[in-house]
Amino acid sequence: MPKVRTKDIVEKFNLELVSGEEGINRPITMSDISRPGIEMAGYFEFYPAERIQLLGKTELSFFEMLPDNERISRMERLCTDITPAIIVTRDIEVPVELIEASERESVPVLRVGMKTTRFSSRLTNYLESKLAPTTAVHGVLVDVYGIGVLITGKSGVGKSETALELVKRGHRLVADDCVEIRQEDQDTLVGTSPDLIEHLLEIRGLGIINVMTLFGAGAVRSNKRITLVMNLEIWDSKKQYDRLGLDEETMKIIDTDVPKMTIPVRPGRNLAVIIEVASMNFRLKRMGVNAAQQFTERLSDVIEDGDHEEI
């Protein structure tokens, strides 16, 4: 099923349907928008017919200067069987030639009162959000000190219980059990919760609880950018865990590498506090303060001074 159809943008931006109503269910497959100025001049060699076509004051004022036969030809070539829509901005009067061509090819012609540049920006943002690559990850997403922390790990390791403790400490839940992730930009991942389980948290032995009902609207949020992955795993005495914080792991989600930390779970460890500190430390690193690096440099200086004293 197509993610976006022409009728969706009609409803979203309250557009006026002028002609070509039969094509209102055409799929929109890309977020790029075309302003066919060079096509108005007659050059259709690389015409991106699969994009939404946006006609503003510049394009239509030039179109008015063309002879009658060329005006008909231009609009007939503009309306193809794969063009999702042609949108006229600024409430400009739609040319008769466009209406006739759109009716023959069932291309929806729409009109909006906004300026061309402003509408193009809003439409592009909407389409990029809707058409972005998506995936689903088993885990919990929590907003901790403004950092979107994705908590992962095997079933039963304590992800939901850790999230509950974080919510009690004033942080906000985004999603539990299933996190829907979309890539809105080259390095921007945004996580949301499926509608069915939004604001819900499953605690073994307790059941399903509604976080918003129990803790208030300030304890939840609808979406959050993912910037850190905390992977919980059962403590393995044979495994060597990072004790300095110099090792930098990443987890690939869609096309983006996200910083990842592995936290061993054993009785007596307060995972909520560890995740809080990890989030604050991550913020410090982004500000240029790396405690592990500073310690390593000081240690190297001490060793170097000791060598000099022996000499």
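Which helix gives the largest share of the lining of the second largest pocket? That question is a convenient place to begin, with the reminder that this is a predicted model.

**The second largest pocket**

Select helix α7, residues 159–168, which contributes three residues to the lining of the second largest pocket, the largest share of that lining. The space in this pocket comes to about 170 Å³, and of the 14 residues that line it, those closest to the centre are His138, Lys159, Ser160, Asp177 and Arg204. If you colour the lining by class, you should find six charged residues, six polar ones and two nonpolar ones.

**The four-stranded sheet**

Next, bring up the open sheet of four strands, whose order is β6-β10-β11-β14 and whose pairing is antiparallel. Its edge strands are β6, at 134–138, and β14, at 223–225, and each of these pairs on one side only. If you look along the sheet, the twist from one strand to the next averages 30°. To see one of the pairings in detail, select β11, residues 188–192, together with β14: the two strands pair in the antiparallel sense over three bridges, and among the residues to label are Gly191 and its bridge partner in β14, Lys224.

**The five-stranded sheet**

Now move to an open sheet of five strands, in the order β1-β5-β4-β3-β2, where the pairing is mixed. At its edges stand β1 (16–19) and β2 (33–34), and because each has a single partner strand, one side of each is left without a neighbour in the sheet. For a parallel pairing, select β4, residues 86–88, and β5, residues 109–111, which are joined over three bridges; here Ile87 stands opposite Leu110 in β5. While the side chains are displayed, a general point may help: in a regular strand they alternate between the two faces of the sheet.

**Strands β15, β16 and β17**

The next selection is β17, residues 256–265, viewed first with β15, residues 228–234: these two strands run parallel and are joined by six bridges, with Leu232 standing opposite Ile263 in β17. Then add β16, residues 249–253, which pairs with β17 in the antiparallel sense over five bridges, and label Thr250, which stands opposite Pro259 in β17.

β16 and β17 form a hairpin with two residues between them, and the turn is worth a separate view. Ile254 lies in the loop between β16 and β17 and has a positive phi of about 55°, although it is not a glycine. Its relative accessibility is 24%, so Ile254 counts as partly exposed.

**Another positive phi, at Asn14**

For a further residue of this kind, go to the loop between α1 and β1, where Asn14 lies. Asn14 also has a positive phi of about 55° without being a glycine, and with a relative accessibility of 67% this residue counts as exposed.

**Aromatic pairs**

From Asn14, turn to the rings, of which a search of the whole structure finds four aromatic pairs. How are the rings of Phe13 and Tyr126 set with respect to each other? Their centres are 5.6 Å apart and their planes stand at 85°, so the pair is edge-to-face. The pair links distant parts of the chain, since Phe13 belongs to helix α1 (residues 6–13) and Tyr126 to helix α6 (residues 116–131), with the two positions 113 residues apart in the numbering. Is Phe13 buried or exposed? With a relative accessible area of 9%, Phe13 is buried, and Tyr126, at 15% relative accessibility, counts as buried too. Add Phe119 to the selection, and you have the cluster that ring pairs form from Phe13, Phe119 and Tyr126.

The last stop is the pair formed by Tyr43 and Phe46, which is tilted, with 6.4 Å from centre to centre and 50° between the planes. Select the two residues one at a time to compare their surroundings: Tyr43 is partly exposed, with a relative accessible area of 41%, whereas Phe46 is exposed, with a relative accessible area of 67%.

Technical notes: Residues are numbered from 1 along each chain as its sequence is written. This is a predicted model: local features need pLDDT of at least 70, side-chain atom pairs count only at pLDDT 80 or more; totals for chains, interfaces and linings use all residues. Side-chain values use heavy atoms; hydrogens and water are left out. Two strands pair if DSSP finds at least two bridges between them. Axes are lines fitted to C-alpha atoms, for helices over the stretch in contact, and angles run from 0 to 180 degrees between N-to-C directions. On a 1 Å grid over the protein atoms alone, a cavity is a set of points where a 1.4 Å probe fits but cannot get out, and a pocket is an open set with protein on both sides within 12 Å along at least five of seven lines; lining residues have an atom within 4 Å of a point. Grid points are joined across faces, edges and corners, and a volume is the space filled by probe spheres set on the points. Ala, Val, Leu, Ile, Met, Phe, Trp, Tyr, Cys and Pro count as nonpolar, Asp, Glu, Lys and Arg as charged, and the others, Gly among them, as polar. Rings of Phe, Tyr and Trp (its six-membered ring) pair if their centres lie within 6.5 Å; planes under 30 degrees apart count as stacked, over 60 as edge-to-face and the rest as tilted. Buried means under 20% relative accessible area, exposed over 50%, partly exposed in between (1.4 Å probe, protein chains only).
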